[in-house]
Amino acid sequence: MNKTDLAANINTQWAAIFLEELVASGLHHVCFAPGSRSTPLVLVAGLNPNVTMHRHLDERSAGFFALGLARATNRPVALICTSGTAVANFHPAVIEAFQSHVPLIILSADRPPELRGSGANQTIDQLKLFGDHARMFLEMPVPQEDAPPVVLRHLRTAAARIFAEASVPPAGPVHVNFPFRKPLEPSAQDTSDNNQSLSIADSKGLATPYTEFKRGKLVPTNDQIEWLTDLISAEPNGLIICGPNCPGGSFATGVSKLANLAGYPIVADPLSGVRFSSQDQDSLLLGGYDLLLQAAPEAWPPARAIIRFGDVPTSAALNTYINRSAPTHYLHIRHDGSWADDLHLVRQYWQVDESTLCQEATHALAAKGFSREKALWPEHLTQLEAQLWQTETGYQSESDLYDGSAVSAVLENLPDGAVLFAGNSLAIRHVDAYGRPTGKTSPYSVIVEPVGLTAMSQRPSVSQREPTDRLLPY
C-alpha cells in the first residue's frame with residue numbers, strides 16, 4: 001500500500017494530518033494493539049518514516065510498555081487501539097502515567113455517533129473515559145469530504161495542543177477519540193475526487209509543527225531569593241530533601257553546591273536523580289537515612305527548616321521523622337506546580353525552576369560572604385552516615401548474601417550511565433535502604449515502575465520499524 005492509496009480514503013487522510021502534526025511536534029514512538037476500527041490511524045503511523053512502531057497482542061501490555069518507553073525517553077509515546085473495551089484496558093497505564101507524570105497520548109478509534117447507544121458491537125461510551133486521570137480529552141470530528149478549511153486546521157492545532165499538554169509540566173496522559181465511518185481501509189480502486197487540502201507525510205516529514213508551543217522558565221523573584229537566604233542564614237539546623245522525580249540536567253550539581261554552602265545535608269531519595277549523581281568528596285549527600293532512622297531515630301535531632309524538591313520521599317522512616325520534627329519552616333519547590341505533601345506540613349510552596357533557584361540562592365549567599373563550615377549539625381549527620389556505611393560494609397563482608405549485599409553488589413557493578421530498573425514496593429525500598437551514594441563520573445540512574453512492568457528488566461530498546469505489511473490490524 002502506498003500514499004496514493006491512502007489519499008483515496010477520507011479517514012486515512014484525516015488521520016495523516018493529525019499524525020503528521022504529532023510527528024512534527026516531536027512524536028517518535030507508537031504502540032498499538034490489533035483492531036479494525038483503528039486501521040486508519042495504524043496505517044498512517046506505519047507509513048511515516050519518522051515513527052517507530054511497537055506491536056502488542058493486547059492493550060494492557062501495550063499500555064504498560066508505552067508507559068516504560070515514555071519514562072525512559074522522557075518523551076510522549078502514542079497508544080492506538082480500536083473501539084470498545086479495548087480502550088478501557090489502557091486505564092491502569094493511564095492512571096500510573098497520571099500519578100507519575102509520564103507523557104502518554106491515547107488515540108482511540110470509535111464508532112460514529114449514529115452507532116453509539118444502538119447496541120452495535122464493540123461500542124461503549126468512550127467520551128472522557130479516563131475521567132480526571134487524563135490531563136486533556138478531545139473528541140475529533142467525523143471525517144467528511146466537504147469539511148471547511150477551519151475544520152482541517154483544527155486537526156493540526158488539536159494535535160499540537162495534545163502533544164504540548166502531554167509534555168508540559170506536569171506531564172501526563174492525554175486522550176483523543178476518533179469516530180470513523182466505514183470504509184476504514186483505503187482501496188486502490190477508489191478514485192473518488194475530493195478537494196481536501198491534505199498531505200501524506202513524505203520522507204522528510206514536516207520541518208515544524210503547524211502550531212508551536214514553547215514554555216519559558218519560572219524564575220524566582222528577588223523577594224524569594226532574599227527570603228530563602230535569610231532563612232538559611234538564621235537557621236543552622238536545616239535539611240534539603242530531594243524526593244522522587246527531581247529535575248534532571250544541572251539540578252543535582254546546583255543543589256549540591258547550595259547544600260555545601262548552606263551547611264544543609266541533602267537527604268536524597270534513590271528516585272531523585274541526585275543520590276547516584278556525580279558528587280564531590282566533600283558533599284553533604286546522605287543516602288543511609290532510612291536504616292539510621294529505623295535503627296536509632298533518636299540519633300537524628302529534629303530539623304527546624306526543610307527545603308524539599310520532588311515528590312513525597314519513598315522512605316516511611318524519613319516521613320515519620322519529618323512528621324516528628326514538625327519543622328518551623330517547610331519550603332516545597334516544584335516547577336510543575338503539582339502538590340505532594342501527605343503530611344500537610346508545607347508552609348511555603350513555590351512554583352519556580354528548581355535549578356535556577358539553587359543557582360541564584362548560592363550566588364546570593366556567596367555575595368553576602370556567608371559560610372557555615374565546621375558547623376555541628378551537618379558534621380553530626382555526616383558522621384552518622386559514615387559510621388553506617390562502615391558498619392554495613394563490615395557486615396556484608398562477614399555474612400552470607402542478604403538483601404543489603406545483593407543491592408550493593410548490583411549498584412557497584414553497574415556500568416557508567418546505566419539505568420537500573422527497580423520493581424515496585426519492596427524492591428525500591430531495598431534500594432532506598434542499601435543504595436550508597438556514588439561519585440561516578442558518568443552516574444547511573446534508578447527508575448521504578450508499577451506492577452504491570454515488572455517483567456521488563458531493563459530500559460526498553462528502540463527497535464527498527466517493522467515492514468508496513470506487518471503492521472496491518474488483524
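The following exchange goes through several labels applied to this predicted model and the values behind them.

User: Why is His-101 called buried?

Analyst: Buried requires under 20% relative accessible area. His-101 has 19% relative accessibility, so His-101 counts as buried. The residue lies in the loop between α6 (91-100) and β4 (104-110).

User: What makes the phi of His-101 worth noting?

Analyst: Most residues other than glycine have a negative phi. His-101 is not a glycine, yet its phi is positive, at about 60 degrees.

User: Which label does Ala-326 get, buried, partly exposed or exposed, and why?

Analyst: Exposed needs over 50% and buried under 20%, with partly exposed in between. Ala-326 has 46% relative accessibility and therefore counts as partly exposed. Ala-326 is in the loop between α11 (316-325) and β11 (329-333). Its phi is also positive, near 45 degrees, in a residue other than glycine.

User: How do you know that the bond from Pro-169 to Pro-170 is cis?

Analyst: Omega for that bond is near -5 degrees, and the bond is cis. Pro-170 sits in the loop between α7 (149-167) and β6 (173-179).

User: Where else is a cis peptide bond found?

Analyst: A cis bond joins Lys-182 and Pro-183, with omega about 5 degrees. Pro-183 belongs to the loop between β6 and α8 (222-234). As background, most peptide bonds are trans.

User: What makes the pair Ser-405 and Tyr-402 a polar contact?

Analyst: The cut-off is 3.5 Å between N or O atoms. The side chain of Ser-405 reaches the backbone nitrogen of Tyr-402 at 2.9 Å, so the distance is within the cut-off. Ser-405 is in helix α14 (residues 403-412).

User: Why is Ser-405 called buried, and which residues does Ser-405 touch?

Analyst: With 12% relative accessibility set against a limit of under 20%, Ser-405 counts as buried. Leaving out residues up to four places away in sequence, Ser-405 touches Gln-396 and Asp-400.

User: What makes the lining of the second largest cavity nonpolar by class?

Analyst: The structure holds four cavities of 30 Å³ or more, and the second largest has about 50 Å³ of space. Its lining residues are Trp-14, Ala-15, Met-140, Pro-141, Pro-143, Leu-155, Phe-178, Pro-179 and Phe-180. Ala, Met, Pro, Leu, Phe and Trp count as nonpolar, so the lining has nine nonpolar, no polar and no charged residues. The elements that give two or more residues to this lining are α2 (10-25) and β6.

User: What makes a set of residues the largest nonpolar core here, and which members touch the most others?

Analyst: Members must be buried residues of the listed nonpolar types, joined through side-chain atoms within 4.5 Å. The largest such core has 39 residues, of which Phe-18, Leu-22, Ile-105 and Leu-107 touch the most other members. The elements that give two or more residues to this core include α2, β4, α7 and β6. The largest share, nine residues, comes from α2.

User: Which residues does Phe-18 touch?

Analyst: Not counting residues up to four places away in sequence, Phe-18 touches Leu-107, Met-140, Leu-155, Ala-158, Ala-159, Val-176 and Phe-178. Met-140, Leu-155 and Phe-178 are also among the residues lining the second largest cavity.

User: How many residues are in the second core?

Analyst: The second core is separate and has 36 residues, including Phe-276, Leu-345, Val-407 and Ile-428. In soluble globular proteins, nonpolar side chains tend to be buried together.

Key:
Residues numbered from 1 in each chain as written. Predicted model: local features only at pLDDT ≥ 70, side-chain atom pairs only at ≥ 80, totals over all residues. Heavy atoms only, no water. Helix = DSSP H or I, 4+ residues; strand = E, 2+ residues; numbered from the N terminus. Buried < 20%, exposed > 50% of the residue type's maximum accessible area, 1.4 Å probe, protein only. Polar contact = N/O pair within 3.5 Å; in protein donor to acceptor, adjacent residues only side chain to side chain. Contact = heavy atoms within 4.5 Å. 1 Å grid on protein atoms, 1.4 Å probe; cavity = no way out; pocket = protein on both sides within 12 Å on 5 of 7 lines; lining within 4 Å. Points joined across faces, edges and corners; volume = space filled by probe spheres on them.
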